[in-house]
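Please open the structure in your viewer and keep the selection tool at hand. Each stop below names something to select and then says what is there.

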Amino acid sequence: MIRPIAFVSALIVAVAFASTGCQQTKNEVNDSDNKTIKILATTTIIEDLLKNIGGDGFEYSALMGPGVDPHIYKPTQGDLKKLKNSDVIFFNGLYLEGKMTDILVKMRRDKKVIAASDALDKSLFINDTEFDDGFDPHFWFDVSMWSEVAGYFATQLIELDPSQETVIKQNLATYQSQLVALNEDINSLITAIPESRRFVITSHDALNYFARKYSFQVRSLQGRSTAGELGLKDIREMVDFLTENQIKAIFPENITGSQSLQAVIDGCAKKGHTVAMGEELFSDALGGPDSEAPDYLSMLKINTERIINALQ
Ligand SMILES: [Zn+2]
């Protein structure tokens, strides 16, 4: 992976300068009178949660659009403007956003930058040495953890605009009950597959929290970041694993290509084991507004349905 270090450094300096220049400090966000507070989320998944909790009282945008891979995301000149113009930024907090993470942490000196991971006790995170802080950042796939993040975001939004406290609290209660219902739906859907056959094989390991919660085993070709190199050995090992465990399907993701998965399917066929390419799973980004996963609730539901359909 080519990392645009020079550009990123320039961006950090430029953002720091821009932030100082417009004197946008934490305290002054509240003083913006009747102007709607501008919230910038890094990913569509975070933006969706904020919209559900904040409702109509804030203005939202996401830096990375639908289907964009956050691990290898390279900030653009346009992003500088978006970061500068927002009143508050919400991001994952672990190393999901790759190089962007360091920019965001530095920006905390001048701007309100809120990490979703601050909502959660560290003991809940799955360890992963592939990431700089040692944690797997895909925690939104644990519905209960995402509910805790919802509560934390509500507290932060109320702090930003105390006049909206009542409606934010109502939104939170509604959304958290939808998350409880979603968890029940997933639990009842997965009973169709015995635990011994609950395997989810994808391009990159986004589903470890989902696997822990719903007793699946997950394997991936690339590890938990999409930035890793993929070799023939990885494909050969995956072919052996699928053949030995008689796994019937593997799944492409909306943020990465499926060529390497096709190589695995072809390799299994040569060994006399038929593997199907399952329907696309939504992993690190939502789908577009016309997709089957324009929001978090539908993303979790459609992923589960697609996994069950392929493994049945
Ligand atoms: Zn990922």
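The tour goes from the whole chain to the strands, then to one helix and the core.

Begin with the whole chain, bearing in mind that this is a predicted model. The protein chain holds 11 helices and eight strands, and of its 312 residues 41% count as buried. Among the contacts with a separation of 6 or more, 68% are accounted for by residues 24 or more positions apart.

Next, select strand β1, residues 38–41, together with strand β2, residues 59–62, which pair in the parallel sense over four bridges. If you follow the chain from β1, you pass through helix α3, residues 44–54, before reaching β2, and this β-α-β crossover is right-handed. Now pick out A41: which residue in β2 stands opposite A41? The residue to look for is A62.

Keep β1 on display and add strand β3, to which β1 is joined by three bridges, the two running parallel. Here A41 stands opposite F90, so that selecting these residues shows how β1 and β3 line up. Within β3, residues 88–91, V88 and F90 point one way while I89 and F91 point the other way, and all are buried.

Then extend the selection to strand β4, residues 112–115, which runs parallel to β3 and is joined to it by four bridges. In this pair F91 stands opposite A115. The path from β3 to β4 leads through helix α5, residues 100–107, and this β-α-β crossover too is right-handed.

Move on to helix α6, residues 143–160, and place a distance label between its end C-alpha atoms, which are 25 Å apart; at 1.5 Å a residue the 18 residues should span 26 Å, so the two values agree. The buried residues of α6 include W146, A150, F153, A154 and L157.

Turn now to the largest nonpolar core, which has 75 residues, and highlight I53, I89, F90 and A150, those with the most contacts inside it. Helix α6 gives the largest share of this core, nine residues. Where does this core lie with respect to domain 1 and domain 2? Colour domain 1 (5–26 + 36–184) and domain 2 (193–311) separately: both give residues to this core, so it lies between them.

Finish at I53, and show what surrounds this residue. Leaving aside its neighbours within four places in sequence, I53 is in contact with A150, F153, A154 and L157, and also with I168, N171, L172 and Y175. Of these, A150, F153, A154 and L157 are among the buried residues of α6.

Technical notes. Residues numbered from 1 in each chain as written. Predicted model: local features only at pLDDT ≥ 70, side-chain atom pairs only at ≥ 80, totals over all residues. Pairing = 2+ DSSP bridges. Right-handed = clockwise from strand over helix to strand, strands pointing away. Buried ≥ 20, exposed ≤ 12 C-beta atoms within 10 Å, placed from the backbone. Expected span 1.5 Å × (residues − 1). Contact = placed C-beta atoms within 7 Å. Core = buried A, V, L, I, M, F, W, Y, C linked by C-beta atoms within 7 Å. Domains from an automatic or database assignment.
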